[in-house]
Amino acid sequence: MILEIALVCSCVMLIIFLIQRARGQKALSLAPGPSPYPLIGNMLRLAGKPGHQAMTELAEEYGKIFTLYLPGGQRCVVINSIDLAREALLTKRDDFSGRPSTFISGYLSRGGKDIICADFTQTMILLRKIAHSALRMYGSGLQHLEGLICSEVSQLAKRISAHEGEPLDPKNDLQLTVLNVICAVVYGESYDIEDEEFQRIIEYNDDFIRLFGSYHILDLLPWLRFLPLEDVKTLRKSRAIRDDILGTKYREHKKRFEEDNANNNFEMEDLTDALLKAYHEAKEEDGKVEQLLTEDHIVMTMNDVFNAGLETTATTLRWLFAYMAHYPEVQARLHAELDDVIGCGRMPCLKDRGNLPYLESTIAEVLRIAATVPLSLPHKATCDTTLGGYDVPKDTMLITNVWAMHHDKDEWEKPEVFNPERFLDKEGKFGSSERKVSAAGVRSYLPFSAGRRGCLGESLAKTEMFLIVSRFLHQFKIENPPDKPLPDLTGRVGVVLMPGPFEVCIKERF
């Protein structure tokens with residue numbers, strides 16, 4: 001009875017809110033879009049298809065920018081072109097740097113005390129500045145980072161070699177490799193697959209991906225958290241596991257930092273050390289830092305690295321394996337480039353970056369065509385503003401359809417075709433800078449977002465993918481199993497767009 005009354009009250013309040021808002025917006029020039037239904041908004045137009053595909057189809061009907069309404073009356077502006085993305089994320093980055101709040105994101109981030117889920121505030125700006133400083137300090141020791149990654153690729157190679165070319169699904173091995181790199185980067189440890197703590201990390205990460213990666217009922221009706229629902233129990237259990245692991249690592253690092261810093265013999269070994277050092281230096285420079293930031297902010301930034309780095313990188317590598325099975329001619333050219341530049345007497349290293357343009361262009365093409373994060377995490381308008389000539393009222397959600405940009409027929413020649421050569425210029429060179437990419441005729445490309453909400457770990461992710469791909473393909477050849485269908489390239493939507501299960505035969509080249 002109580003639940004029924006609460007639902008009725010919620011519906012009445014929502015209808016009143018929608019009527020009042022409609023009366024107040026008659027003078028606004030909003031982007032066109034489908035007419036919403038009460039309570040459910042435009043969800044019927046999105047149902048039955050992956051969100052990025054449904055929004056790409058709506059763009060054909062309403063244009064590169066259109067308006068949608070989600071359940072609960074949340075207004076969204078969806079952009080589907082690189083020009084609109086540049087206007088929103090770069091030209092008007094302060095206007096669109098907010099982050100809409102949801103119950104699950106707030107619960108997992110301890111009330112938005114991270115960078116990914118936090119709204120656009122002075123605290124978030126300061127935390128991002130400290131995180132950038134830490135990444136620069138840690139990233140400056142590329143030799144150490146390279147050693148971590150190469151060690152994990154060696155372990156991956158041993159596990160793969162043990163299969164002796166028999167069909168296998170590479171998912172678990174790739175996840176283990178990437179997670180161990182992240183753990184080593186964040187707090188200086190790595191795991192065997194049988195380790196209990198490793199299994200606990202996998203458990204809470206899988207739960208977070210499932211709950212955070214969808215428009216969950218708890219985000220629509222947060223008061224349901226007081227009921228004995230299974231997802232509520234899972235959410236609490238998973239956060240407790242994460243907090244126990246990361247909290248322990250943080251306290252250990254903090255104790256060592258304070259002791260070593262007092263004795264002037266502190267040596268930075270991982271990203272948590274770098275965060276503590278950057279936080280300490282920021283407090284010395286500005287007394288207001290300690291008023292704005294707490295230890296929770298540092299721990300949640302550690303968690304951001306896990307969230308941003310694990311699933312996206314591992315999934316991108318799985319896509320690359322799938323495309324290698326589909327395009328043996330591309331793989332043959334990669335092997336030829338590696339043999340010509342590296343030879344068989346050593347393994348690729350970071351110094352070879354720039355000398356392997358076709359390999360780098362292949363990674364870029366996987367990021368383009370697969371669009372691992374097809375819909376970037378939503379932004380929010382921080383003020384009344386405009387976009388593409390249309391009014392955008394404050395608190396409007398902004399959805400960037402990266403999939404549409406990466407498959408825009410106005411920007412790409414045959415965007416549905418896997419073609420690494422599109423990232424090479426006339427001299428056969430590849431460049432990751434905007435200037436060089438533009439010279440290669442590439443413009444509508446946004447795998448790491450941009451502006452104030454651009455991916456913090458972009459440089460680390462590119463380093464990791466280059467080393468894993470170059471060293472793995474130097475040693476192995478990926479083939480489709482005889483008499484088996486090729487991997488499905490359609491993709492399955494979760495928090496990222498991932499390939500379905502597939503098997504490949506991986507054989508040693510030398």
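User: What makes Lys283 count as sitting over the ring of Tyr279?

Analyst: The charged end of Lys283 is 4.5 Å from the centre of the Tyr279 ring. The rule asks for NZ of Lys or CZ of Arg within 6 Å of the ring centre and within 35 degrees of the ring normal, so 4.5 Å fits the distance part. Arg368 lies over the face of Trp412 too, at 5.1 Å from the ring centre. One heads-up: this is a predicted model, where local features need pLDDT of at least 70 and side-chain atom pairs count only at pLDDT 80 or more, while totals for chains, interfaces and linings use all residues. Residues are numbered from 1 along each chain as its sequence is written, and side-chain values use heavy atoms, with hydrogens and water left out.

User: Why is the pair of Phe257 and Phe266 called edge-to-face?

Analyst: First, the total: the structure holds 13 aromatic pairs. In this one, the rings of Phe257 and Phe266 are 4.9 Å apart, centre to centre, with 80 degrees between the planes. Rings of Phe, Tyr and Trp (its six-membered ring) pair if their centres lie within 6.5 Å; planes under 30 degrees apart are stacked, over 60 edge-to-face, the rest tilted. So 4.9 Å makes it a pair and 80 degrees makes it edge-to-face. Both residues are buried (under 20% relative accessible area; exposed is over 50%, partly exposed in between, with a 1.4 Å probe and protein chains only): Phe257 comes out at 7% and Phe266 at 17%.

User: And what makes Tyr327 and Phe418 a tilted pair?

Analyst: Their planes stand at 45 degrees, with 5.1 Å between the centres, so the angle lands in the in-between class. Tyr327 is in the loop between α14 (295-326) and α15 (328-341), and Phe418 is in the loop between α17 (402-406) and α18 (434-439), so the pair ties together parts that are 91 residues apart in sequence. Phe418 is buried at 4%. Ring pairs also link Trp319, Tyr323, Tyr327 and Phe418 into a cluster.

User: How do you know that Arg256 forms a salt bridge with Asp260?

Analyst: The test is a side-chain nitrogen of Lys or Arg within 4 Å of a carboxyl oxygen of Asp or Glu. For Arg256 and Asp260 the closest N and O atoms are 3.9 Å apart, so the pair passes. Both residues lie in helix α11, four residues apart, about one turn of the helix. By this rule the count comes to 32 salt bridges.

User: Is Asp260 buried or exposed?

Analyst: Buried: Asp260 has 17% relative accessibility. Its partner Arg256 is partly exposed at 23%. Leaving aside neighbours within four places in sequence, Asp260 is in contact (heavy atoms within 4.5 Å) with Asn265 and Phe266.

User: Which parts does the salt bridge of Arg422 and Glu365 tie together?

Analyst: The closest N and O atoms of Arg422 and Glu365 are 3.1 Å apart. Arg422 lies in the loop between α17 and α18 and Glu365 in helix α16 (residues 357-370), so parts 57 residues apart in sequence are tied together. Arg422 is buried at 11%, and Glu365 is buried at 0%. Glu421 and Arg333 also meet in a salt bridge, at 2.9 Å, N to O. Glu421 is partly exposed at 45%, and Arg333 is partly exposed at 36%.

User: Why does Glu464 have no salt bridge?

Analyst: The nearest side chain of opposite charge, Arg353, is 11 Å away, so the 4 Å limit is not met. For charge, Lys and Arg count as positive and Asp and Glu as negative; His and the chain ends are not counted. Glu464 is buried, sits in helix α19 (residues 458-475) and touches Ile149, Val178, Val181 and Thr313, not counting residues up to four places away in sequence.

User: How do you know that β2 and β6 pair?

Analyst: Strand β2 (residues 75-79) and β6 share four bridges in the parallel sense. Pairing needs at least two bridges found by DSSP, so four bridges qualify. Two bridges join β3 (residues 379-380) to β6, running antiparallel. Strands are DSSP runs (E, at least two residues) and helices likewise (H or I, at least four), numbered from the N terminus.

User: Where do β1 and β3 stand in the sheet?

Analyst: The open sheet of four strands runs β1-β2-β6-β3, with mixed pairing. β1 (65-69) and β3 stand at the edges, each with a single partner strand, so one side of each is left without a neighbour in the sheet.
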